[in-house]
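Trainee: I have just opened this one and would like to go through it with you. Could we take it step by step?
Mentor: Gladly, let us put it on the screen and begin with the overall picture.

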Amino acid sequence: FVPIVDSNLMTTGVRSITLGLRHVHAAILEWLRKQNLAYQDDELDAFAHNIMNSGSIYAARRKGANIQSTDEQIDFDEVPTEYDLPNGEKLKLKDIQAACLEAAFGEDAEWGHTFVDSLATCDADKRIAMMQGITMTGAGSYLFHGIKQRVKDELLAVLPVTGNYNDEFTTTELGFAAFPDYFEPYKERTDQAALLGGAITAKLAFSNAKDHITTGDYNRHGPSVVHTKAYT
């Protein structure tokens, strides 16, 4: 979590969760090893990579979540359920499609509490705007169906409740910011998701062109530009 308020990066609020594509890959690989397939470990490793990137993986809704509240519907007709092995056999993926992501959202991950901890470092009058302007980046945001809804489920589970005029209690609303128009060329480039996340953060945190080095700067001046422009 990287809180950015009024184009300022709140470094004291940066929080991280030990989760990456390597964890999903490892879960798929472990499952493949249990299938007693007649392939070497390096081949299984390649299969795990292919399955992870095939669009077969999806995030199930959080247990106990209000399933009536949803922003993202998964079209399961577009989710592959089989993987073609080199020998022509088809490997059914039903048992791993959602399971490989569950560890990422378990109690040890602490998505919600980490988010609230990060949010608490920002001024109180800025928190609502931040909760309604979340931007998700990274390859998981594109590779896995339903990931945004599951993240929302996890965060809503721990956000504070507020009373309204009916003396009923509601959970603070969350919102996801629209994809910036100037990053449209990267929208379908999952292979550059990490670069996209860094670019969005840089765009928000370093709005003054004098505070960062652009690709154009680097192409014109080469590596030496770091000595002449950055943080001057």
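Trainee: How much area does the protein expose, and what share of it do carbon and sulfur atoms supply?
Mentor: The protein exposes about 14500 Å², and carbon and sulfur atoms supply 50% of that; accessible areas come from the Shrake-Rupley method with a 1.4 Å probe, and for residues only the protein chains shown count as cover. Please keep in mind that this is a predicted model, in which local features need pLDDT of at least 70 and side-chain atom pairs count only at pLDDT 80 or more, while totals for chains, interfaces and linings use all residues. Residues are numbered from 1 along each chain as its sequence is written, and side-chain values use heavy atoms, with hydrogens and water left out.

Trainee: How many helices and strands are there?
Mentor: The secondary structure comes to ten helices and six strands, where helices (H or I, at least four residues) and strands (E, at least two) are DSSP runs numbered from the N terminus.

Trainee: And what percentage of the residues is buried?
Mentor: Buried residues make up 31% of the 232 residues in the protein. Buried means under 20% relative accessible area, exposed means over 50%, and partly exposed lies in between, with a 1.4 Å probe and protein chains only.

Trainee: Which residues touch the most other members of the largest nonpolar core?
Mentor: That core has 37 residues, and Ile-28, Leu-32, Phe-115 and Phe-144 are the ones that touch the most other members. A nonpolar core is a set of buried Ala, Val, Leu, Ile, Met, Phe, Trp, Tyr and Cys residues joined through side-chain atoms within 4.5 Å. Two or more residues each come from helix H1 (21–33), helix H2 (41–52), helix H3 (99–102), helix H4 (111–119), helix H5 (124–131) and helix H7 (147–156).

Trainee: What does Ile-28 contact, leaving aside its neighbours within four places in sequence?
Mentor: With those neighbours set aside, Ile-28 is in contact (heavy atoms within 4.5 Å) with Ala-48, Ile-51, Met-52, Ile-57, Ile-96 and Cys-100. Cys-100 is itself buried, at a relative accessible area of 4%.

Trainee: Since you mention a cysteine, how many disulfides does a search of the whole structure find?
Mentor: The search finds zero disulfides, a disulfide being a pair of cysteine sulfur atoms within 2.5 Å. Another cysteine, Cys-122, is buried with a relative accessible area of 2%.

Trainee: Switching topic, how many aromatic pairs does the structure hold?
Mentor: It holds three; rings of Phe, Tyr and Trp (its six-membered ring) pair if their centres lie within 6.5 Å, and planes under 30 degrees apart count as stacked, over 60 as edge-to-face and the rest as tilted. One of the pairs is Phe-47 with Tyr-83, which is tilted, with 5.8 Å centre to centre and 55° between the planes. This pair links distant parts of the chain, with Phe-47 in helix H2 and Tyr-83 in strand S3 (residues 82–84), 36 residues apart.

Trainee: Are those two rings buried or exposed?
Mentor: Phe-47 is buried at 6% relative accessible area, and Tyr-83 is buried at 13%. Another pair, Tyr-58 with Phe-76, is edge-to-face, at 5.1 Å centre to centre and 85° between the planes. Phe-76 in that pair counts as partly exposed, at 47% relative accessibility.

Trainee: What about charges: how many salt bridges are found?
Mentor: A search of the whole structure finds eight, a salt bridge being a side-chain nitrogen of Lys or Arg within 4 Å of a carboxyl oxygen of Asp or Glu. Among them, Lys-92 and Glu-82 meet at 3.0 Å, N to O, and they link strand S4 (residues 90–92) with strand S3, ten residues apart. Lys-92 is exposed at 59%, whereas Glu-82 is partly exposed at 33%.

Trainee: Where in the chain are Glu-102 and Arg-150?
Mentor: Glu-102 is in helix H3 and Arg-150 is in helix H7, 48 residues apart, and their side chains meet in a salt bridge of 2.9 Å, N to O. Glu-102 counts as partly exposed at 33%, while Arg-150 is buried at 4%. Salt bridges that share partners join Arg-62, Glu-102, Arg-150 and Glu-154 into one network.
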